[in-house]
Amino acid sequence: TPEALAWNGTGSTRNLFAIVLGRCYTYTQLLRPGLGSEACPKILDAFKSAFISKNPCDIMKEDYQPLVDLVNQTVPCNKSLFWSKSKELAHQYSWVQGGMFTLEDTLLGYLADDLTWCGDPSSVEPNYQSCPRWNECLNHTGSVFWKVISQKFAESACGVVQVMLNGSLSKPFHKSSTFGSVELFSLDPRKVHTLQAWVMHDIRGNYSDSCSGPSIRELESIVNKRNITFTCQNNYRPARLVQCVKNIEHSSCASKI
Ligand code: DN4
């Protein structure tokens, strides 16, 4: 058998297909019964067909379309939570809060979260040896997937939407991030009237008023140009309290409870 192509990133996650199928049943049967778990074998097949036996740097949006079409899940208005450089806190907050949806709280995001996958032209198996890094090529198996589902997630949002940003970075908002380049421009101003930013600072870091800083101002100006109202809060209290679980002695955790 021919050698698989060699790339610079880690290979596909071991037991990839078992994990994806198991997650599909966990999500549809245990976490959100009502979505229907009968489709899980078909969902796995559509996931495989998107990239198996293909060059991992030559994946098109259309390759994932059959998978996306199998899942028609809608997020209720006012419940979408976007994030950038704040994945752990956004997920912890959304889990505790219970009613919000990050992309990874939807079925397609849940199936793929933290997994690596890619195929190889000479094999019907995932390439477990190596996969390209995000920046190794444009039409990257994983990048294209996240782009497609991030776009769909943002297009379907309605009402007030939230974004959690990382205020401990010098630029909490990056135009080149998935949030800044895909999701922001996929919000439909006819459906989304307000974008609320929560700028969260590491609890042990220095406090800074990021909402009035240049990075968030840039975000505000883009949002306003799109005819969406922008609001911003530093250290949104409910998410700060999640940070406090691990930092209970911190002064910002003791006050106002
Ligand atoms: P981010 O914190 O810069 O990136 C989030 C994750 O996406 C990290 O694991 C990144 O890996 C990875 N990533 C970075 N660049 C790309 C790329 N070009 N294509 C695919 N993945 C990439 O935040 P962000 O604003 O770029 O993305 C977060 C937003 O987009 C959220 O609102 C989500 O709805 C959605 N999203 C989620 C995921 C995920 O759950 C991935 C992509 C997009 P690394 O740079 O740390 O190596 O994994």
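## The enclosed cavity

Val20, Phe47, Leu67, Leu108, Leu111, Ala112 and Phe145 form the lining of the largest cavity in this predicted model. By class, that lining consists of 7 nonpolar residues, with no polar and no charged members. Helix 5, which spans residues 107–112, provides the largest share of the lining, namely 3 residues.

The volume of the largest cavity is about 50 Å³. At a threshold of 30 Å³ or more, the count of cavities is 1.

## The largest pocket

The largest pocket holds about 1000 Å³ of space. Its lining comprises 38 residues, and those closest to the centre of the pocket are Trp134, Gly142, Ser143, Trp146 and Thr178. Four elements each give two or more residues to this lining: strand 1 (9–10), strand 2, helix 6 and helix 7. Of these, helix 6 makes the largest contribution, with 7 residues.

In terms of residue class, the lining of the largest pocket divides into 16 nonpolar, 14 polar and 8 charged residues. The lining of the largest cavity, by contrast, has no polar and no charged residues.

## Location and surroundings of the ligand

Which space does the ligand take? The ligand occupies the largest pocket. Strand 2 (81–84), helix 6 (141–155) and helix 7 (178–186) are the elements that supply two or more residues to the shell around the ligand. Strand 2, helix 6 and helix 7 also appear among the elements that give two or more residues to the lining of the pocket.

The shell contains 16 residues, of which Ser84, Lys85, Glu104, Thr178 and Glu183 come nearest to the ligand. Divided by class, the shell has 6 nonpolar, 5 polar and 5 charged residues. Thr178 is thus named twice: among the residues nearest to the ligand, and among the lining residues closest to the centre of the largest pocket.

## Polar contacts and coverage

Three residues of the nearest group can be described by their atomic distances to the ligand. For Lys85, a polar side-chain atom is 2.4 Å from an oxygen atom of the ligand. For Glu183, a polar side-chain atom likewise lies 2.6 Å from a ligand oxygen atom. In the case of Thr178, the partner is a polar backbone atom, and its distance from an oxygen atom of the ligand is 2.8 Å.

On its own, the ligand has 800 Å² of accessible area, and the protein covers 73% of that area.

Conventions. Residues numbered from 1 in each chain as written. Predicted model: local features only at pLDDT ≥ 70, side-chain atom pairs only at ≥ 80, totals over all residues. Heavy atoms only, no water. Near = heavy atom within 4 Å. Polar contact = N/O pair within 3.5 Å; in protein donor to acceptor, adjacent residues only side chain to side chain. Areas by Shrake-Rupley, 256 points an atom, 1.4 Å probe, with all protein chains shown as cover. 1 Å grid on protein atoms, 1.4 Å probe; cavity = no way out; pocket = protein on both sides within 12 Å on 5 of 7 lines; lining within 4 Å. Sits in = over half its atoms within 2 Å of the grid points. Nonpolar A, V, L, I, M, F, W, Y, C, P; charged D, E, K, R; others polar. Points joined across faces, edges and corners; volume = space filled by probe spheres on them.
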